[in-house]
Amino acid sequence: MRFYRKTELYDMCWDLKDALRDCLVAAAPYGGPIALLRKPLRCSPSSRPQLEIYSASGFAITSFPWKSGPLVHLGWTITDELLCIQEDGSVLIYDLFGSFKRHFSMGQEVVQNQVLEAKVFHSPFGTGVAIISGSSHFTLATNVDELKLRRLPEVPGLQGKPLCWAVLVQDRQIKVLLSSGPELYILDDTSCSEVHPPWLSPQAGSIIHMSVSFSYKYLALFTDTGHLFTASSDLQNKLSEIDTKRSTAPEQMVWCRRPNSQQPSVVLLWDRLLMVAGVCNDTIQFPIEDQCVLVGEMDGVRILSTRSHELLQEVPLVCQDIFKIASMAPGALLLEAHREYEKSSQKADEYLRELKEQSMLEEAVKQCVGAARYEYDPQTQKSLLRAASFGKCFLADFSADPFVETCRELRVLNAVRVSSVGLPLTYPQFKHLTLQVLIDRLVYRQLYPLAIKVCHYLKIPDYHGVSRVLRHWASCKVQQKDLSDEAIAKAVCAKVGDSPGFSYSHIAAKAYECGRAELAIKLLDFEARSGEQVPLLLKMKRSHLALSKAVESGDTDLVYMVVTHLKNEMNRGDFFMTLRNQPVALSLYKQFCKLQEQETLKDLYNQDDDHQELANYYVSASYREKRMDIRLSLLQSAVDEYNKAKNDFAAKATEDEMRLLRFQRKLDEDKATELLGLSLQATMEALLALGFHKQAEQLYRDFKVPEKRYWWLKLKSLAKKEEWEELEKFSKTKKSPIGYLPFVEVCMKRNNKYEAKKYVSRVMPEQKVRAHLAISDLEGAADAAIERRNESEIGIVLSRCAASDRLLIERLNRARTSTVKK
């Protein structure tokens, strides 16, 4: 057996003197706002209908005259945006406060033939719009946020609009079910199919009203004979057939189904009667005085009238078990035990003992907590939760987490249900929407203090909670035209501070979109992340400020991004002048030009009169040039610039380079030596290796090469070629500036001990020990060390002696002893 209850949500605050009879009404699901289009009191050409938006409690949110075309239908999106569908097929979208957002058209064919009827529906794809035009064609927009129009196939023999129709969602496809006389048709993207439900006999008559459930699982059909059929939405399984005894079509027909209930019911509304018809072929009738509007919800039906706002729903099973008369359910016994405990009656102990003996105390606590979730009245919630708290005190291993969570969530729900807020959410609706969506809805209604309190109370991380609320608040704050930029910037900074997850650049972008560039700049000053500041400043065409911010950040990538933007936006002269005021940016740009844009680098140095760097540029450019005449020209330009920079050393070095290049070119032409481009030392080495000693000596004299370097080069070259006679002649040309030990070592590297011995006698006394050791002459090394009486040299010779050199070792030891005594 099923029970239904009507819960009064609000005494409506609105003042509707003309009732709802002549109004176009649309109420958003999940306790959302209500839109009314009221006809003007006087029928004059100048009078216009009034579009009004109220909260669920009847508080006026906004009101404005409707100045566009005639409206056919009103509806709400899942994000509480108002859809206004006009006769010409235009759909205008407004936010909760009546601000126009955007519009779209249902197609040119609809414009020509007008809209006869329209419906707004919600599906897994989002909020959609379905219309039938004067040409009897159906057009669908599955998602108004990602508009894609679909024109459905024609219905055979249909003239004008059908008797009734509904939008179905089956297997993630949007379909239209319609009645045309005794026939039923289903339209999808590609076909129009006539359907014949096996349970619907021809004697049932024509279907004149139909309604699909909130979840699209069930379908209700009302015939002109007064019969109500309920079935699955695929029309395969009939649930019930009820004779309502009323032949006129109901004004509204809405499903009333509790989640997971196996006995859904349908609510039908006539002029003075509200009827609830269920699958058990029974009905409940409620007489009504005022005209009403029914709003389908996932767990019931909201009933709107001029005076009240009520919720009709099937009583949840857990609430039935506890509150039905003479109930012996565990939850009912625990609730009674707590009542007796508050009266200080011993019956409380009797009830508790009974629950404990039957091991039902834990179940009783769970029932009380579960029932509290479905109750709308705070006092009833408190009674149930106090009973649950009382019962869990007698349980040892009971987890209190569900109890605590329920208390917190109910406190939040009670806070948003108050008349001043006007969100009459039930617990199942709240869990379906999720907490984040509830906070979004509070923010969307600009109830920022309440949203922040909820975030703090439920301990939501700042990034997902308070910061999101503050972000929306600040976005609205910057749009207030009655406050100065300075006042708004200070207010935002004072309220937000350093809240984690809050982006000042996001708010600055909003301010810029509103035409308040100076406010955007002030807000950007509070942004700690330069990577967020700079792109917006560039978008605002505040390039100089963007460059300063990028330089201050120390992020080279950011600086390069700004510099590239400036280069593309400015003429060359202004660009260079801007960089001159930012040395860091200029330096980075020069580094970039050295790698990518050499010519730009030259222009930059020219504009700055940087003769030193310009000369360096010419020198670098000369190495990249293959033609000798151009290379010499570049080097001559470098010499001129070095002279202007008063760098005599660099100028002289560059002139020497030019002389060397000319010398190499002449040799290449005369001897085919391929020396062009080699350094001075490499050129001399190559000449000596080729046997061009005169030319090498000429370079040595012309370029004033140090004598020691020249002797080393020639020594190594002759030894490498093993021209020992030439080497000996060379050693006798004059006294060697590098000594004769190098001659010994070079010969030994070539394994020529014979030639090495020739130079040992000519070695300086202090190097003779090393020379003798180089040719493995231990006796000679010992004689030289003893003669010089040098203890360290004697030690070196001793370390080279083998055990077989006993006499030599004794001699050296005696010499070392004698040296030490002296």
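Start by selecting helix α7, residues 401-417, in this predicted model. The 17 residues of α7 should span 24 Å at 1.5 Å a residue, and because the end C-alpha atoms of the helix are 24 Å apart, the model agrees with that expectation. Now show the side chains of Phe403, Thr406, Glu409, Leu410, Val412, Leu413, Val416 and Arg417, which are buried in α7. To see what these buried residues pack against, add strand β1 (4-11) together with the helices α5 (361-374), α6 (378-392), α8 (427-433), α9 (435-444) and α10 (448-457).

Keep β1 on screen and select strand β28, residues 308-314. Strands β1 and β28 run antiparallel and are joined by 7 bridges, and within this part of the model aspartate 11 stands opposite serine 308 of β28. How many of the 7 residues of β28 are buried? The count is 7 of the 7, so β28 is largely enclosed by the rest of the structure. If you turn the strand, you will find Ser308, Glu310, Leu312 and Glu314 on one side and His309, Leu311 and Gln313 on the other, with both faces covered.

Next, add strand β27, residues 300-304, which pairs with β28 in the antiparallel sense over 4 bridges. A hairpin of 3 residues makes the connection from β27 to β28, and arginine 302 is the residue to pick if you want to look across to leucine 311 in β28, which it stands opposite.

Move on to glutamine 86, which lies in strand β7 (residues 82-86). Is this residue buried or exposed? Glutamine 86 has a relative accessibility of 3%, and because buried means under 20%, it counts as buried. Display serine 68 as well, since the side chains of glutamine 86 and serine 68 make a polar contact at 2.3 Å. Apart from neighbours within four places in sequence, the residues in contact with glutamine 86 are Trp66, Ser68, Gly69, Pro70, Leu71, Val72, Leu92 and Val115.

Finish at the open sheet of 4 strands, whose order is β18-β19-β20-β21 and whose pairing is antiparallel. Its edge strands are β18 (207-212) and β21 (238-243), each of which pairs on one side only, while neighbouring strands of the sheet are turned by 15 degrees against each other on average, direction ignored. For a closer view, select β20 (residues 227-232), which is joined to β21 by 5 bridges in an antiparallel arrangement, and then pick phenylalanine 229, which stands opposite glutamate 241 in β21.

Definitions and conventions: Residues numbered from 1 in each chain as written. Predicted model: local features only at pLDDT ≥ 70, side-chain atom pairs only at ≥ 80, totals over all residues. Heavy atoms only, no water. Pairing = 2+ DSSP bridges. Helix = DSSP H or I, 4+ residues; strand = E, 2+ residues; numbered from the N terminus. Axes fitted to C-alpha atoms, helices over the stretch in contact; angles between N-to-C directions. Buried < 20%, exposed > 50% of the residue type's maximum accessible area, 1.4 Å probe, protein only. Polar contact = N/O pair within 3.5 Å; in protein donor to acceptor, adjacent residues only side chain to side chain. Contact = heavy atoms within 4.5 Å. Expected span 1.5 Å × (residues − 1).
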